[in-house]
Amino acid sequence: MILGIVLLVLLFTPLSTPLSAHLHTSLHTSLRTSLRTLLHTTFDTLIRTNATTTSVLPLLSKTLRSNPSIFQSNTDRKYFADNLITASNLRIRYSHHLGLTLPPDSDSESALILNLHLNDELNEEMKISLSLNPSLKDLSNYYSFPISIIKILHKIYPQHEELKAILETTNSPGPISIRLNDPTYIPPSYTSKIADKVYVLPPSLRSQIMKNTDYISGRFEVQDVHSSKVLEYVQGNKILDLCAGRGGKTLGIACTLNNNTIDCYDIDKDRLKGLSSRISKISQYIKSEVNVLSEVTDNDYDCVLVDGPCSSSGVWRRWPNARWEFNVSKLPELEQNLTDILVEGMSRVKKGGRIVYCTCSLFKEENEDVVRNIDWKDWSKVNERRFPLNDEGDGFYVYVAKKIK
Ligand SMILES: C[S@@+](CC[C@H](N)C(=O)[O-])C[C@H]1O[C@@H](n2cnc3c(N)ncnc32)[C@H](O)[C@@H]1O
């Protein structure tokens with residue numbers, strides 16, 4: 001009953017200042033109804049499907065455009081879309097506060113969650129209580145993470161301030177960076193250069209870059225800065241990309257290294273098909289020979305890259321749904337699988353060559369623990385690095401070793 005009253009009051013109170021400041025008409029009942037449905041549809045898409053922020057945006061944009069009397073300008077649409085996505089990321093926080101069970105199962109509950117998100121007072125109030133001595137449960141509520149994941153992260157980041165920074169970052173849209181395939185390409189003026197052939201742009205311009213015709217024609221790729229940095233460890237004439245997927249890393253290597261041979265393999269043949277079509281699309285920028293293998297037979301590689309299948313926790317900010325779908329009880333299985341693939345990769349390296357193991361995971365179980373499972377007696381360690389999840393790039397781990405016997 002009380003919840004019902006709160007719902008009614010909130011739904012028929014003009015939306016709080018930031019959004020209403022962008023609205024040019026007051027919302028009459030029929031528009032409110034479509035707004036509530038829209039909220040629910042979006043939440044549903046984010047919650048129940050494996051949607052990425054990028055894949056949900058076109059849906060949002062289409063729906064917002066179909067309500068031109070509410071969302072008159074691009075600014076309105078962008079503002080609303082960004083808030084919907086963030087509110088969805090933070091839905092544990094708001095559901096906890098409202099006593100709702102997740103996921104919200106009605107238009108009204110979805111609308112309530114967005115309303116609370118737009119109401120900064122609650123965020124401020126919770127922030128104050130968090131600054132005292134928060135329990136892991138407080139962190140789970142405030143940052144909207146399942147407690148099981150908070151516990152795992154707490155082991156890696158025992159200092160609360162560090163842990164809070166990671167959780168906060170995962171709740172914010174990640175920066176967008178691009179890596180040039182065509183070295184002569186001059187990127188749009190809203191990007192800034194941060195490394196050779198790597199540029200960043202504000203997250204708010206992500207839809208603009210995805211529509212850019214030079215992106216569509218393959219002159220550049222959207223690739224995280226830290227992911228591009230991992231590629232710097234890959235070197236040698238004959239390279240094997242053992243978990244090539246659709247080729248995010250392969251293409252980076254192929255457009256950078258001259259006159260090398262890069263063999264690509266993945267257990268998932270559909271992903272390899274995607275890789276083959278990406279290779280054809282950007283063939284004029286590829287400087288090495290790239291072969292897509294149906295099986296790996298050679299064991300004389302100068303370098304084997306193992307970009308293993310992991311939880312992807314270092315890139316969860318780009319997948320609003322991932323933290324809810326991930327089951328921590330799967331970690332031992334993931335660790336064993338990653339260890340097996342790393343052993344397989346190592347067996348393909350020739351004497352004097354190197355293995356480059358990397359993941360986009362924050363979890364020790366998929367990084368340091370995998371490396372610790374290996375017998376390194378014929379190897380010498382070259383490097384081990386954690387690229388932190390931060391405002392610059394996603395969370396990555398890389399371990400590099402040279403085969404000495
Ligand atoms: C993190 S993704 C690779 C992403 C890719 N390197 C990129 O940069 O776009 C991990 C890949 O490992 C593949 N994989 C899983 N098990 C494998 C195995 N036993 N052997 C080879 N590839 C495997 C998955 O199909 C998936 O494409």
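A residue counts as near a molecule or strand when its C-beta atom, placed from the backbone, lies within 6 Å of it. The views below come from a predicted model, where local features need pLDDT of at least 70, side-chain atom pairs count only at pLDDT 80 or more, and totals for chains, interfaces and linings use all residues. Residue numbers start from 1 along each chain as its sequence is written.

**View A. The shell around the ligand.** Here 16 residues surround the ligand, and C243, G245, G248, K249 and D268 come nearest. By class, the shell holds seven nonpolar, three polar and six charged residues. Ala, Val, Leu, Ile, Met, Phe, Trp, Tyr, Cys and Pro count as nonpolar, Asp, Glu, Lys and Arg as charged, and the others, Gly among them, as polar.

**View B. The open sheet.** Seven strands (DSSP runs of E, at least two residues, numbered from the N terminus) line up as β7-β6-β5-β8-β9-β11-β10 in an open sheet with mixed pairing. Each of β7 (289–292) and β10 (379–387) is at an edge with a single partner strand, so one side of each has no neighbour in the sheet. From one strand to the next, the twist averages 15 degrees, with axes being lines fitted to C-alpha atoms and angles running from 0 to 180 degrees between N-to-C directions.

**View C. Strands β9 and β11.** Strand β9 (residues 349–359) pairs with strand β11 (residues 396–403) in the antiparallel sense over six bridges; pairing requires that DSSP finds at least two bridges between two strands. Take a look at R354, which stands opposite K402 in β11.

Note on methods
Helices (H or I, at least four residues) and strands (E, at least two) are DSSP runs, numbered from the N terminus.
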